[in-house]
Amino acid sequence: LAGATRYRSSLARQLKQNLSKMRYKKLLNGRSVGLVLAGLGLAGGASIAEEEESQRASSEEPLFRFGVIADVQYADIDNATSFGGGEYRFYRGTLDSLAKSIDWWNLHYPDIQFIANLGDLIDGQNAGGYGAGLNFSEPQSAVALERVVSQFRRSLCPTVHHAIGNHELYNFDREQLHSHLFKDKTPPLSEAPGATPSQLYYSFRPHPQWRFLLIDCYDIAVQGREEGSEQMAKARQLIAENNPNVFAGKNWFEGVHPSKHRFVPYNGAVGSSQLEWLRAQLSEAKKGGERCVVMTHVPLDPRASSPKTVVWNYPDVMSVIRESECVALVLAGHHHPGGYVQDEGGCHHLTIEGSLTHENGAFGVFEVHEDHLKLVGKGDLPSRKLELR
């Protein structure tokens with residue numbers, strides 16, 4: 001918290017020094033830079049815009065822009081390696097990284113239509129059941145989530161779309177998540193048209209030519225579902241049939257073929273009803289001449305992640321996507337190193353680097369054009385240009 005405050009104070013001083021150099025008075029999408037400065041804690045910010053902003057992605061105006069971030073996974077605990085020892089995690093520092101991302105979007109991209117949060121806002125240890133969380137006198141789930149959500153509330157962007165990750169489900173049940181993240185009416189609105197606690201998936205259209213589909217990759221899962229439920233029973237069956245090590249108390253991956261590594265509790269599956277919904281949505285979009293983006297916490301192509309971090313029934317989901325021929329991009333989180341592949345049908349699969357494991361943060365802005373998508377990366381998120389077929 002102190003680090004975020006120091007950062008914003010430093011940025012505020014820099015902005016004050018640069019105000020005299022700003023040459024244009026202009027409202028950006030109905031919002032003045034005064035609001036940006038106010039969002040940084042500067043009282044009475046002037047309604048002035050820096051037109052020559054080097055961070056603007058191109059001189060060609062896009063159809064629309066949106067922000068992207070993944071795996072903030074905040075917890076008020078010391079930095080540490082992952083339980084497997086494969087990565088170093090900046091648990092407290094991710095709150096600073098998120099604060100920087102909000103400041104950056106507010107200052108350079110106040111016109112983004114929405115922010116895509118690809119899941120895992122807070123870490124499972126906040127619930128107090130394992131790891132450093134055992135040292136808490138009481139669960140910190142609600143406190144941690146409020147600290148993270150309060151950062152989003154500083155955004156000038158009107159809407160945040162939240163994918164649900166495994167770590168949200170370690171902390172809250174689906175009813176609580178629906179209330180906290182999908183029904184929060186404090187701007188920016190967490191919109192989720194048609195979503196219910198049992199159905200945390202929906203679609204929205206930020207532009208007449210584009211449809212976004214946020215899928216629930218823990219529809220079938222061992223977390224977030226009640227004991228005795230059909231979804232829980234199906235999840236246990238899938239794990240038992242494909243990776244018996246999990247319920248035998250053995251090393252999850254020892255002696256298990258890599259093609260079965262995904263059948264572990266931190267992944268999940270898309271249920272049959274959701275698959276039919278996805279098929280219907282994509283069919284409707286294709287008939288209307290729309291392009292689509294699928295957003296998910298867990299990736300759908302192991303080549304853009306790893307065999308251990310992919311949806312259990314990703315072949316079924318990808319079959320629906322391929323037959324539609326209208327999905328331009330699958331955006332995912334979960335796999336902290338990030339990844340990318342363009343599949344055989346021309347669909348781009350981009351896994352966004354996790355903020356948790358990148359000290360400089362990892363966030364950016366997508367510019368959506370008629371013939372390409374341009375990602376302007378910040379921190380440790382690389383910039384990319386993705387051509388559309």
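Is Asp 71 buried or exposed? In this predicted model, Asp 71 is buried, with a relative accessible area of 0%, and the report returns to this residue after describing the structure around it.

## Overall composition

The protein contains 10 helices and 14 strands. Of its 389 residues, 57% are buried, and the surface that the protein exposes comes to about 16300 Å², of which carbon and sulfur atoms supply 48%. When contacts in the protein between residues at least 6 apart in sequence are considered, 67% of them join residues at least 24 apart.

## The six-stranded sheet

Six strands form an open sheet in the order E5-E4-E1-E12-E13-E14, and the pairing within this sheet is mixed. Strand E5 (160–162) and strand E14 (384–387) stand at the edges with a single partner strand each, so one side of each is left without a neighbour in the sheet. From one strand to the next, the twist averages 20°.

Parallel pairing is found between E1 and E4, which are joined by four bridges, and the bridge partner of Ile 69 in E4 is Asn 117. E4 and E5 also run parallel, joined by three bridges, and here Ala 116 stands opposite His 161 in E5. The side chains of E4 can be followed residue by residue: Phe 114 and Ala 116 point one way from the strand, whereas Ile 115 and Asn 117 point the other way, and all are buried.

Antiparallel pairing is found between strand E12 (residues 362–368) and strand E13 (residues 372–379), which share seven bridges. Helix H3 (residues 93–108) lies across strand E1 (64–69), E4, E12 and E13, and the helix runs at about 30° to E12.

## Lys 378 in strand E13

Lys 378 has its place in strand E13, where it is the bridge partner of Phe 363. With a relative accessibility of 29%, Lys 378 counts as partly exposed, because that value falls between the limits of under 20% for buried and over 50% for exposed. Although Lys 378 and Ala 362 are 16 residues apart along the chain, their C-alpha atoms are separated by 6.0 Å.

## Nonpolar cores

The largest nonpolar core has 84 residues, and among these Leu 331 and Phe 366 touch the most other members. Leaving aside its neighbours within four places in sequence, Phe 366 is in contact with a set of residues that includes Phe 64, Phe 66, Val 68, Leu 329, Leu 331, Leu 350 and Leu 386, and also Arg 65 and Lys 374. Apart from the largest core lies another, of 12 residues, among them Val 222, Leu 238, Ile 239 and Val 246.

## Two aspartates with positive phi

Most residues other than glycine have a negative phi. Asp 71, which lies in the loop between E1 and strand E2 (80–81), has instead a positive phi, near 50°. As stated at the start, Asp 71 is buried, with a relative accessible area of 0%.

Asp 120 also has a positive phi, of about 60°, although it is not a glycine. Asp 120 lies in the loop between E4 and H4, and its relative accessible area of 1% places it among the buried residues.

## Gln 125 in a loop

Gln 125 is found in the loop between strand E4 (114–117) and helix H4 (141–152). Gln 125 counts as buried because its relative accessible area is 4%, and the cut-off for a buried residue is under 20%. A polar atom of the side chain of Gln 125 lies 2.8 Å from the backbone nitrogen of Ala 132. Leaving aside neighbours within four places in sequence, Gln 125 is in contact with Ala 132 and also with Ile 77, Phe 83, Tyr 91, Tyr 130, Gly 131, Gly 133 and Phe 136.

## A hairpin of strands E6 and E7

Strand E6 (residues 202–207) is mostly covered, in that five of its six residues are buried. E6 and strand E7 (residues 210–214) pair in the antiparallel sense over four bridges, and the two strands form a hairpin with two residues between them. Within this pair, Tyr 202 stands opposite Leu 214 in E7.

Terms used. Residues are numbered from 1 along each chain as its sequence is written. This is a predicted model: local features need pLDDT of at least 70, side-chain atom pairs count only at pLDDT 80 or more; totals for chains, interfaces and linings use all residues. Side-chain values use heavy atoms; hydrogens and water are left out. Buried means under 20% relative accessible area, exposed over 50%, partly exposed in between (1.4 Å probe, protein chains only). Two strands pair if DSSP finds at least two bridges between them. A polar contact is a pair of N or O atoms within 3.5 Å; within protein, one must be able to donate a hydrogen and the other to accept it, and residues adjacent in sequence count only if both atoms are side-chain atoms. Contact means heavy atoms within 4.5 Å. A nonpolar core is a set of buried Ala, Val, Leu, Ile, Met, Phe, Trp, Tyr and Cys residues joined through side-chain atoms within 4.5 Å. Axes are lines fitted to C-alpha atoms, for helices over the stretch in contact, and angles run from 0 to 180 degrees between N-to-C directions. Accessible areas come from the Shrake-Rupley method with a 1.4 Å probe; for residues, only the protein chains shown count as cover.
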